[in-house]
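Please open the model in a viewer and follow the stops below in order. Each stop names a selection and then describes what is found there.

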Amino acid sequence: MSPSATEPALLVDDLVVRFGELEAVGGVSFAVGQGEVFGLLGPNGAGKTTTIRVLTTLLPPTSGRARVAGFDVRTESLAVRASIGYIPQAISVDGALTAFENLDFYGQVTGVPRGVRRERIAQAVETMGLAPMLDRLARTLSGGMLRRLEIATALLNRPAVLFLDEPTVGLDPTARQLVWEHLQAMREEEATTILVTTHLMEEAERHCDRVGVIDRGRLVEQGEPAELLERHHSDSLEEVFTEVTGRPIGELASDEEGRLADVRAQRSVARRLG
Amino acid sequence: MSARSAASPVASAERLPAALSTGPLTRMAMGTLAMAQAEMRKLRHDHLDIITRSVQPLLWLFIFGTAVGNSRLLRLGSLEYRAYLAPGVMAQAAMFIAIFFGLAVIWERDVGQLQRLLATPLSRSSIVLGKCAGACVRALTQALLLLAVLAVARIDIRWSAVGIVGTLAMLMLGTAAFACMSMLLAAAVKERERFMGIGQLIMMPLFFASSALYPLSIMPPWLRAIATVNPLTYEVQGLRQMLVGVGGAGVVWLDFLVVGAFFAVMLWAATRAYPKAIL
């Protein structure tokens, strides 16, 4: 069972994740081809982050299976972790280190051999446009720069799949645009598969090859953005979302809001990024 | 799942990702060193932190130490009380650093660093060991500063190479152990505010019920009983034996054994409880 050229970069099959009574993900299936950008869309609490946590091996699935870069998340978790880059929604670089030191650190912990580390860092810096800020402490960088730095730290091990959890949350439109431009540039160079979650429909429409709409733990629709617009006779993915879920995005049931600690962490991140 | 032949979490060799081309021990060493190096770099950017943290041990040494020394409450023969106190203060300062490392760990959970680390090929034990290494870097820097102050103040320490190396080794072992304890605590309380309170609650009794400030012989029996099972007592006794030539039982290897065993147990427990528990 070796990963062949035809095996998708990501394969999620009837994935279920339960936390006690709560079903965070209820039978999600999708596949992402190599080199594709797949957007997982949905409001906060829809199950996007939980899905990513399963795919990055942080959380074991309750049932169903998931394969990343040809490896099973349950039985080959170490190989999965060695094949991916993951940038959580919250800030993952260390503010007390410089941009270069952060790159060097993640190069070391993701197993990039010493011999090629400098070269890989130079490439990632080039791709993400970080050269002018390498010697600055990360805590002095703006939100957009921080995101680009984080993405750069996740590229050093040449991941087969890159997971970005809400990469543009808290960024102004210009910074958001810049992050996407650099991501696209990276794709052209490396043909990396990207799974990105977002609640910004417009962003998904513009930058993703295919999208999956997730709501209350279920994948309610998937396809190419243009295809979805046509199928639902809509002008925007926002309308598609309203159509398939029966309510506009942004409306939450109160039990989906998450614990205080999560909310606080999210807000403090948004504040630091903004 | 037809050929789930590899029941182990590692895939068969020919299809391994490049990051797994080195052995698990090499990866563990690399990860631990990376975290120690990051801590060292942080210190380099923020010298002030070490200075401010050194105020408290110096207050103990020069205010408390001088007062108690002048009052001659403790009969220590020809030994000056401040020399007797120095190893205790050194161990206490290191323990404070280690125990409040859990706070940093909770902070890293609240931002995304911990999730990020857990999604790398680093094993959980390397993450825990890496955190220990970080705490050791800070504790060692502070210990070296304290040794320099002792030298300048001409406090009567035995300056032997073996003694100093042994002292630093003992401090590292103790710091790593208390750092693991702090990670366990962080896994249990998960919130910064509560951690602060519980951290204090644990730290001060550990300090007072040890031989850091006074010998076991002057303690009431109940306190002596607690101090005898307190790992900090053994750490301090080991340090005191190596730095000033006075100890409790006077056997350094036993002190190393106790502190080493404490570290092993704490490392095992922390690797199991933390970091998954804190996610």
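Two strands are taken to pair if DSSP finds at least two bridges between them. The model is a predicted one.

Begin in chain A by selecting Gly212(A), which stands opposite Gln222(A) in β10(A). Extend the selection to strand β9 (residues 210-215) of chain A; this strand and β10(A) pair in the antiparallel sense over five bridges.

Next, display the whole sheet. Its six strands form an open sheet in the order β6-β7-β8-β3-β9-β10 (chain A), and the pairing is mixed. At the edges are β6 (84-87) and β10 (218-223) of chain A, each of which pairs on one side only. On average, neighbouring strands of this sheet are turned by 15 degrees against each other, direction ignored.

Now add helix α5 (residues 143-155) of chain A, which lies across β6 and β7 (161-165) of chain A and runs at about 160 degrees to β6(A).

Move to chain B and select helices α3 (residues 81-99) and α7 (residues 161-189), whose axes come within 8 Å and cross at roughly 35 degrees. The crossing of α3(B) and α7(B) is right-handed. Among the residues making the contact are Met90(B), Ala94(B) and Ile97(B) of α3(B), with Leu171(B), Gly174(B) and Phe178(B) of α7(B). The contact of α3(B) with α7(B) comprises 10 nonpolar residues, three polar and no charged.

Finally, select Tyr214(B), in the loop between α8 (192-208) and α9 (221-228) of chain B. Is Tyr214(B) buried or exposed? Tyr214(B) counts as buried because it has 20 C-beta neighbours inside 10 Å. Add Tyr84(B): the C-alpha atoms of Tyr214(B) and Tyr84(B) are separated by 8.6 Å, although the residues are 130 apart along the chain.

Conventions:
Residues are numbered from 1 along each chain as its sequence is written. Chains are lettered from A and ligands numbered from 1 in the order in which they are written. This is a predicted model: local features need pLDDT of at least 70, side-chain atom pairs count only at pLDDT 80 or more; totals for chains, interfaces and linings use all residues. Helices (H or I, at least four residues) and strands (E, at least two) are DSSP runs, numbered from the N terminus. A residue is buried if 20 or more other C-beta atoms lie within 10 Å of its own, exposed if 12 or fewer, and partly exposed in between; C-beta atoms are placed from the backbone. Axes are lines fitted to C-alpha atoms, for helices over the stretch in contact, and angles run from 0 to 180 degrees between N-to-C directions. Two residues are in contact if their C-beta atoms, placed from the backbone, lie within 7 Å. A crossing is left-handed if the near helix is turned anticlockwise from the far one by less than a right angle, and right-handed if clockwise. Ala, Val, Leu, Ile, Met, Phe, Trp, Tyr, Cys and Pro count as nonpolar, Asp, Glu, Lys and Arg as charged, and the others, Gly among them, as polar.
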